[in-house]
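This report introduces one protein structure to a reader who has not met it before. Please keep the sequence and the model in view while reading.

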Amino acid sequence: MKKQIFKLIKEELEREEKTINLIASENYANPDILKATGSIFTNKYAEGYPEKRYYGGCQVVDKVENYAIEQARKLFNATHVNVQPHSGSSANMAVYFSQLKHGETILAMSLSAGGHLTHGHKVNFSGKLFNFVHYGVDPETEMLDYDEIEILVNQHKPKMLVAGASAYSRFIDFARLGEIAEDNNCILFVDMAHIAGLVAAELHPSPIPCAHIVSSTTHKTLRGPRGGFICCQGDFKESIDKSVMPGCQGGPLMNVIAAKAIAFEQAQSKDFKKYQEQVIKNAKIMAKTFKDLGYKIVSNGTDNHLFLIDLRQKNGESFEKITGKLVEETLEKCSIILNRNTIPFDTQSPVNPSGIRIGTPAITTRGFKGKEATQIVHWIDEAIKKRGDEAFLKKLKEIVEVFCKDFPIYPSFK
Ligand SMILES: Cc1ncc(COP(=O)(O)O)c(C=O)c1O
């Protein structure tokens with residue numbers, strides 16, 4: 001039986017090695033992170049917190065969790081950190097439940113403008129349990145309009161203002177949002193899941209000094225194991241901890257917490273800063289190359305690790321109903337992996353939206369620099385132009401796979 005899964009692990013390794021990964025929320029965790037995630041800490045139940053557990057035998061895992069907390073606090077300069085959330089979504093659930101009652105009002109960015117499902121979408125627990133009001137982006141600049149957010153806060157008097165996104169390519173002005181929250185006596189909660197690695201490297205303004213609570217994932221730009229964590233100011237420490245456990249979760253995943261500790265530690269290195277600088281450089285180079293080829297980049301560029309392409313037009317003219325789904329599927333035939341995405345004010349559904357999202361964290365981990373990033377853009381452009389030409393797409397797949405061989409992700413893995 002187990003043979004089947006080990007065979008599939010090998011198959012996935014081959015897939016990852018052979019394909020160019022432009023999914024903005026993915027990355028390649030290094031062998032140390034994978035080793036800790038697959039370690040014997042998997043075996044241990046440790047409900048509670050260090051030195052306050054509901055199980056015996058927690059001497060070693062207490063040291064692991066304390067070390068992870070210490071590293072995260074140092075990395076983000078945070079007063080208090082809870083490293084137990086199993087994922088970004090469960091971190092967000094714990095944040096809402098810690099501060100709000102059922103039905104209370106929250107203001108957040110809409111999914112269609114770049115926000116996340118857990119920021120109040122109607123199919124998600126958040127949208128079902130709380131009264132979400134949404135802000136979007138300015139129709140002209142396609143960037144956040146802070147005056148508009150202030151007006152909405154004044155109008156709806158939310159108990160919580162949420163910032164952070166899954167598909168927004170510009171810096172977020174957390175200081176301004178902090179002022180708006182302060183003036184209106186509401187809690188500022190920042191979900192920095194996407195940009196955590198950039199914040200750690202001080203290449204994106206940090207939300208930590210401005211927000212009451214900050215949640216994140218560990219597996220995107222931060223390049224750790226799959227998981228979440230929450231930072232908060234001192235006054236929120238007790239309510240956050242209680243909300244994570246026993247409020248939303250039982251036993252923490254100590255193997256993952258061990259791997260998070262390594263990720264927090266690695267993110268303090270000079271190499272990590274250099275890596276993040278290259279992530280941003282690659283995103284800027286790719287966005288500019290697409291622009292030079294006539295594509296429309298949402299908000300006309302990027303400040304971070306990702307950007308969106310509005311596929312409804314090229315060179316200012318209507319672009320023959322090319323959709324995100326079509327581009328995603330065409331590129332997959334050439335071993336280039338990315339995801340379709342809605343763009344601001346999209347009239348198409350999320351299943352077949354008008355855009356694609358391109359991210360550079362994974363290709364940069366792999367060692368791609370400006371030359372390779374530019375090459376990928378030209379391949380994408382050619383594949384879109386020759387999308388019906390199966391022979392061309394097959395040929396391009398072969399070229400991409402040979403190209404990938406020069407940039408092994410896990411050279412020591414068989
Ligand atoms: C901004 C943001 N928050 C939260 C999440 C949820 O994280 P997870 O998939 O770990 O639940 C994501 C995931 O894409 C995200 O982009």
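A cavity, as the word is used here, is a set of grid points where a 1.4 Å probe fits but cannot get out. The structure is a predicted model. Under this rule it holds three cavities of 30 Å³ or more.

## The two domains

The protein is divided into domain 1 (31-266) and domain 2 (270-405). Taken over C-alpha atoms, the centres of domain 1 and domain 2 are separated by 28 Å. Across the boundary, 26 residues of domain 1 are in contact with 27 residues of domain 2.

## The cavities

The largest cavity has a volume of about 80 Å³. It is lined by 15 residues, of which Ala165, Tyr168, Ile172, His194 and Ile195 are the closest to its centre. By class, the lining of the largest cavity consists of seven nonpolar, six polar and two charged residues. Where does the largest cavity lie with respect to domain 1 (31-266) and domain 2 (270-405)? Both domains give residues to its lining, so the largest cavity lies between them.

The second largest cavity holds about 70 Å³ of space. Its lining is formed by Ala113, Val137, Glu142, Ala167, Tyr168, Ser169, Val298, Ser299, Leu308 and Pro344. Seven of these lining residues are nonpolar, two are polar and one is charged. Domain 1 (31-266) and domain 2 (270-405) each supply at least three residues to the lining of the second largest cavity. Tyr168 is among the residues closest to the centre of the largest cavity, and Tyr168 also lines the second largest cavity.

The two cavities are set side by side below.

| Cavity | Volume | Residues of the lining by class |
|---|---|---|
| Largest cavity | about 80 Å³ | seven nonpolar, six polar, two charged |
| Second largest cavity | about 70 Å³ | seven nonpolar, two polar, one charged |

## Strand β5 and its partners

Is strand β5 (residues 105-109) largely enclosed or open? Five of its five residues are buried, so β5 is largely enclosed by the rest of the structure. Thr105, Leu107 and Met109 point one way from β5, while Ile106 and Ala108 point the other way, and all are buried.

Strand β5 has parallel pairings with two strands, β6 and β7. With strand β6 (residues 131-135), β5 is joined by five bridges. With strand β7 (residues 160-163), the pairing extends over two bridges. Leu107 appears in both pairings: it stands opposite Val133 in β6 and opposite Leu161 in β7.

## Backbone features

Most residues other than glycine have a negative phi, and most peptide bonds are trans. Several places in this model depart from that general pattern.

The peptide bond from Met245 to Pro246 is cis, and its omega is near 15°. Pro246 belongs to helix α9 (residues 237-248).

Ser299, although not a glycine, has a positive phi of about 65°. This residue sits in the loop between β11 (295-297) and β12 (306-314). Ser299 counts as buried, because its relative accessibility is 5% and buried means under 20%. Ser299 is also one of the residues that line the second largest cavity.

Phe345 likewise has a positive phi, near 65°, in a residue other than glycine. It is found in the loop between β15 (339-341) and β16 (355-359). Is Phe345 buried or partly exposed? With a relative accessible area of 48%, Phe345 is partly exposed.

## Two buried residues and their contacts

Thr360 has its place in the loop between β16 and α13 (361-365). Its relative accessible area is 0%, and Thr360 is therefore buried. Which residues does Thr360 contact, leaving aside its neighbours within four places in sequence? They are Val279, Asn282, Ala283, Met286 and His305. Thr360 and Val377 are 17 residues apart along the chain, and their C-alpha atoms are separated by 12 Å.

Glu17 lies in helix α1 (residues 2-18). With a relative accessible area of 18%, Glu17 is buried, since the limit for that class is under 20%. Not counting residues up to four places away in sequence, Glu17 touches Arg366, Cys404, Phe407, Pro408, Ile409 and Tyr410.

Methods: Residues are numbered from 1 along each chain as its sequence is written. This is a predicted model: local features need pLDDT of at least 70, side-chain atom pairs count only at pLDDT 80 or more; totals for chains, interfaces and linings use all residues. Side-chain values use heavy atoms; hydrogens and water are left out. On a 1 Å grid over the protein atoms alone, a cavity is a set of points where a 1.4 Å probe fits but cannot get out, and a pocket is an open set with protein on both sides within 12 Å along at least five of seven lines; lining residues have an atom within 4 Å of a point. Grid points are joined across faces, edges and corners, and a volume is the space filled by probe spheres set on the points. Ala, Val, Leu, Ile, Met, Phe, Trp, Tyr, Cys and Pro count as nonpolar, Asp, Glu, Lys and Arg as charged, and the others, Gly among them, as polar. Domain bounds come from an automatic or database domain assignment. Buried means under 20% relative accessible area, exposed over 50%, partly exposed in between (1.4 Å probe, protein chains only). Helices (H or I, at least four residues) and strands (E, at least two) are DSSP runs, numbered from the N terminus. Two strands pair if DSSP finds at least two bridges between them. Contact means heavy atoms within 4.5 Å.
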